[in-house]
Amino acid sequence: MSASVLGTLGAIVLITALAVAATVYARRGTPTGTADGGCATDVRVVAAASFAPVIEYLKPALQAGDDCLDVTLDVVDGRAAPSRAAQLGADVWIPDDASWTAAAGRLQLAPKGTLGSGTVIATSPIFMVTDADTAGRVRTAGGSWLGLAGLVGDPAGVKLAVRDPAGSGEGLVAAGAIGEGVWVAQGMDASSLALSRALPHTRTVAGDKPALPTQSGEVGLVAEYALLGEAGLPAGMTYLTGADRSAVLRYAFLPTNAAMDNQAAVTRLLDALRGTRADEALAAAKLRRADTLPVAGAPVSPLPGLAAKPFDVLGAHHVDHVFATWYPADRRTSLLMVVDTSGSMASPAPGTNTPVIDLVRQGGRSLGTLLPDDARVGLWEFGAAHRVVLQPAPLTPDHRAAWTAAVDGLAARDTGTGLYDTILAAYTTARDSYVDGMPNQVFVFTDGRDETPVDAPQLATALAAARDPKRPVQLSIVSYGREKDRAALETVVKAVDGYVETPETVDEVGAVFIHVAAGGLHEHES
């Protein structure tokens, strides 16, 4: 056999061997001991910038030994992180708060508990940072998040500074704490109103700089890890944690579905994050343990201890409130507003001389200003029967003008109340004209009374039959009437997972309309 043939055969053998090796190690990475010093296995992680130092600290130990593990780390914060993790095919996402799971989008996360999914691996409390005089005002208001929300919502109150909620957990949870303090004490409609009132008095800090106060009378909401950074604590500041609850970032370990093909590596990473060197790594990043206690051996913090138990993790609906308050594009909705114009709507609201229908007109006008251009709105009114006042359409300048004119034209009339028939007609109309890609809502404002032969169980049955999971419609009813009418309506809406609200004050009526603009009245979780 000639030398050239032998050379060719040798090349084929070599190429085949390399192909086999590539197949064996196709999962990313190369065998231990190769020229580039890589490991046989690796794990790809997308993590928040404030958690990246933990990964970097643990990398040398993970890369040591015969069973070494390479960690490919990409640092991405905020709403951009899930899509980036999906694009990279990441095994694990570690956001700077567990509430980000509500914004996971197309990133497919492993079920809770699978490979430790949902495990909190670090925390960082958020402090109210301000000058001594303003801190005194906050303490006088209770030293609480509820008290701070009241001060910020008052035109003569304090100012607020937060990081961009879409850009970091620090911003999202800080803004969320304003709403949560009110939600826990007064309910979700009041929470929406509080956030809406706070926003005009809030300075939103873009980028990665902490939202430290820049003037007297301003309260900055800043995570502990940022306060304990290289620059040190700002001079002359007072630090409060909230007497009602503590606002805390919870760093969550979130394997993706891609991790199911890399379980040993993902498990090893989680073990390291909870292992013997975890406290050292957390200390390097100025973070706390999962239980919010300082890590062992960390220097004594100059900051005050937490005064109350943490708020719950922000659920999806709570996150929606924050985003819809801060960003008009998040208020996109297809909304059919249905207003009772029977005679009782001319009665004054409790404690006022203002007719209820006037409050509805005020709220309707506010909706027209709160919703973005690509929202869709339509209006019905009903007495004994319903009437289409304005067909749903995008909020172009012409449609905004038509909406305002239609709302201003609402008036109470001496008629009966065909409430149940109207609810069913509005629900089926919204279902049949369903707009993909945005929430579809029916919002009914009524005195709660029905004067048709149909009873509540019959309407509930009809609504259940009309429900289409592929075209979901949020049904929200505001009943400004008797308690027994509310009980009947709650029986009705249960069939479509709807919601009934009964406002008792003028402010609560206003809060209802703001809540509708922020994504609907439906309470996904408490």
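**Close-up views of a six-stranded sheet and a cavity**

**View 1. An open sheet of 6 strands.** In this predicted model, 6 strands form an open sheet in the order E12-E11-E10-E13-E14-E15, and the pairing within the sheet is mixed. The edges are formed by strand E12 (386-394) and by E15, each of which pairs on one side only. From one strand to the next, the twist averages 15 degrees.

**View 2. The antiparallel pair E11 and E12, with helix H13 across the sheet****.** Strand E11 (residues 376-382) pairs with E12 in the antiparallel sense, and 6 bridges join the two strands. Within this pair, Glu 381 is found opposite Arg 387 of E12. Helix H13 (residues 397-408) lies across strand E10 (334-340), E11 and E12, and its direction makes an angle of about 155 degrees with that of E12.

**View 3. The parallel pair E13 and E14 and the crossover that links them****.** Strand E13 (residues 440-446) and E14 run in the parallel sense and are paired over 6 bridges, with Thr 446 standing opposite Ser 479 in E14. Between these two strands the chain passes through helix H15 (residues 456-466), and the β-α-β crossover made in this way from E13 to E14 is right-handed.

**View 4. Strand E14, a mostly covered strand, and its pairing with E15****.** Strand E14 spans residues 474-479, and 6 of its 6 residues are buried. Gln 474, Ser 476 and Val 478 point one way from the strand, whereas Leu 475, Ile 477 and Ser 479 point the other way, and the residues of both sets are all buried. E14 also pairs with strand E15 (residues 499-501), here in the parallel sense and over 3 bridges; in this pairing, Ile 477 has Val 500 of E15 as its bridge partner.

**View 5. The largest cavity in the model****.** A search of the whole structure finds 3 cavities of 30 Å³ or more, and the largest cavity holds about 80 Å³ of space. Its lining is made up of 13 residues, of which Val 173, Val 248, Arg 250, Phe 311 and Asp 312 are the closest to the cavity centre. Helix H6 (169-186) and strand E9 (248-255) are the elements that give two or more residues to the lining of this cavity, and H6 gives the most, with 4 residues.

Note on methods
Residues are numbered from 1 along each chain as its sequence is written. This is a predicted model: local features need pLDDT of at least 70, side-chain atom pairs count only at pLDDT 80 or more; totals for chains, interfaces and linings use all residues. Side-chain values use heavy atoms; hydrogens and water are left out. Buried means under 20% relative accessible area, exposed over 50%, partly exposed in between (1.4 Å probe, protein chains only). Two strands pair if DSSP finds at least two bridges between them. A crossover is right-handed if, with the strands pointing away from the viewer, the path from the first strand over the helix to the second runs clockwise. Axes are lines fitted to C-alpha atoms, for helices over the stretch in contact, and angles run from 0 to 180 degrees between N-to-C directions. Contact means heavy atoms within 4.5 Å. On a 1 Å grid over the protein atoms alone, a cavity is a set of points where a 1.4 Å probe fits but cannot get out, and a pocket is an open set with protein on both sides within 12 Å along at least five of seven lines; lining residues have an atom within 4 Å of a point. Grid points are joined across faces, edges and corners, and a volume is the space filled by probe spheres set on the points.
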